[in-house]
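Opening the notebook on a new model today. I want the overall build, then the metal site, then a few odd spots in the backbone.

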Amino acid sequence: MNDLRELYEEVILDHNRNPRNYPKKPQGCNHSAHGFNPLCGDEFHVHLKVADDVIEDVGFEGAGCAISTASASLMTEALKGKSVHYAEKMFNEVHNLLTEEKQVGDPAELLGKLTVLTGVKDYPMRVKCATLAWHTMHAALREQEGMVCTE
Ligand code: ZN
C-alpha cells in the first residue's frame, strides 16, 4: 500500500502544481457549471465543449485546495475526446471509488490513473474536495442551472 500512497502523493502534487486545462474556458464551450464545497472553500467552474456527443474540449477555472485542484485536473485529462456516455460512467465509477466501502470489479479498468484518488479515502473530510469537479461536470452535462453544492 505504500507504493500507492507515494504514487497518490506524487500525482496529487504534480497536478496541483501544474493543473492541466486550467484556467481555461474552451472556445465554443457549450456546457458549464459552477461547483462549491463549503466545507473546504473549493470553488470551480467546469466548461465543456460537446459536439456529436463527444467531449471535444474541457477546462476549468476557480480555486481550491490541492486535492480538489488535482482531481479537477485529472478529470479534464481523462475526459477529453470521450463520449458523454463514457463521462457519465466515469463519474459514477469515481463516485463509487471514493464513497463505497467495497469495490465491485476492478476500477482501474475504466479509471486508470484516476484510481490514485482512492488515497483521499484516508482523509474522509477530503472526499468532497475530490468529488467536487466530478459533480460539477455531471451537472454541466445535464445542463442543470445554478450552483452545485457538495452539502
Ligand atoms: Zn478542498
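**Entry 1: a buried serine.** Note to self before anything else: this is a predicted model. I started with Ser73, which counts as buried because its relative accessibility is 0%. I then looked up where Ser73 sits, and the place is helix H2, which covers residues 66–79. What is Ser73 in contact with, leaving aside neighbours within four places in sequence? I get His15, Asn18, Pro19, Arg20 and Phe60. His15 itself falls in helix H1, residues 2–17.

**Entry 2: the whole chain.** Zooming out, I find 5 helices and 4 strands in the protein chain. Reading along the sequence, I wrote the order down as α-β-β-β-α-α-α-α-β. The radius of gyration comes to 14 Å, close to the 15 Å from the globule rule for 151 residues, so the chain is as compact as a globular protein of that length. Along the principal axes, the C-alpha atoms fill a box of roughly 45 × 30 × 30 Å.

I also checked burial, and 45% of the 151 residues are buried. For contacts with a separation of 6 or more, 61% are between residues 24 or more positions apart. The exposed area is about 7800 Å², with carbon and sulfur atoms supplying 48% of it. On charges, I have 15 positive and 23 negative ones, and their mean positions are 2 Å apart.

**Entry 3: the zinc ion.** Which residues coordinate the zinc ion? My list has Cys40, Cys65 and Cys129, each through SG, plus Asp42, which is entered twice through OD. The distances run from 2.2 to 2.6 Å. In sequence, the spacing of the donor residues is C-x1-D-x22-C-x63-C.

Are Cys40 and Asp42 buried or exposed? Asp42 is buried, since its relative accessible area is 0%. Cys40 has 35% relative accessibility, so I put it down as partly exposed. Asp42 also belongs to strand S2, which spans 42–51.

**Entry 4: the loop after H1.** Next I went through the backbone for oddities. Tyr22 and Pro23 are joined by a cis peptide bond, with omega about -15 degrees. Pro23 is in the loop between H1 and strand S1, the latter being residues 31–37. Asn21 lies in that loop between H1 and S1 too, and its phi is near 55 degrees, a positive value in a residue other than glycine. I checked how covered Asn21 is: with a relative accessible area of 15%, it is buried, because the cut-off is under 20%.

**Entry 5: another positive phi.** Where is Asp53? I found it in the loop between strand S2 and strand S3, the second of these being 54–63. Asp53 has a positive phi of about 70 degrees although it is not a glycine.

**Entry 6: back to H1.** Last lookup was Glu10, which sits in helix H1. At 57% relative accessibility, Glu10 counts as exposed because the threshold is over 50%. How far apart are Glu10 and Val116 in sequence and in space? They are 106 residues apart in sequence, and their C-alpha atoms are 9.5 Å apart.

Key. Residues numbered from 1 in each chain as written. Predicted model: local features only at pLDDT ≥ 70, side-chain atom pairs only at ≥ 80, totals over all residues. Heavy atoms only, no water. Donors = N, O, S within 2.8 Å, 3.2 Å for Na, K, Ca; no water. Buried < 20%, exposed > 50% of the residue type's maximum accessible area, 1.4 Å probe, protein only. Helix = DSSP H or I, 4+ residues; strand = E, 2+ residues; numbered from the N terminus. Contact = heavy atoms within 4.5 Å. Rg over C-alpha atoms; globule rule 2.2 N^0.38 Å. Areas by Shrake-Rupley, 256 points an atom, 1.4 Å probe, with all protein chains shown as cover. Lys, Arg positive; Asp, Glu negative; His and termini not counted. Charge placed at Lys NZ, Arg CZ, Asp CG, Glu CD.
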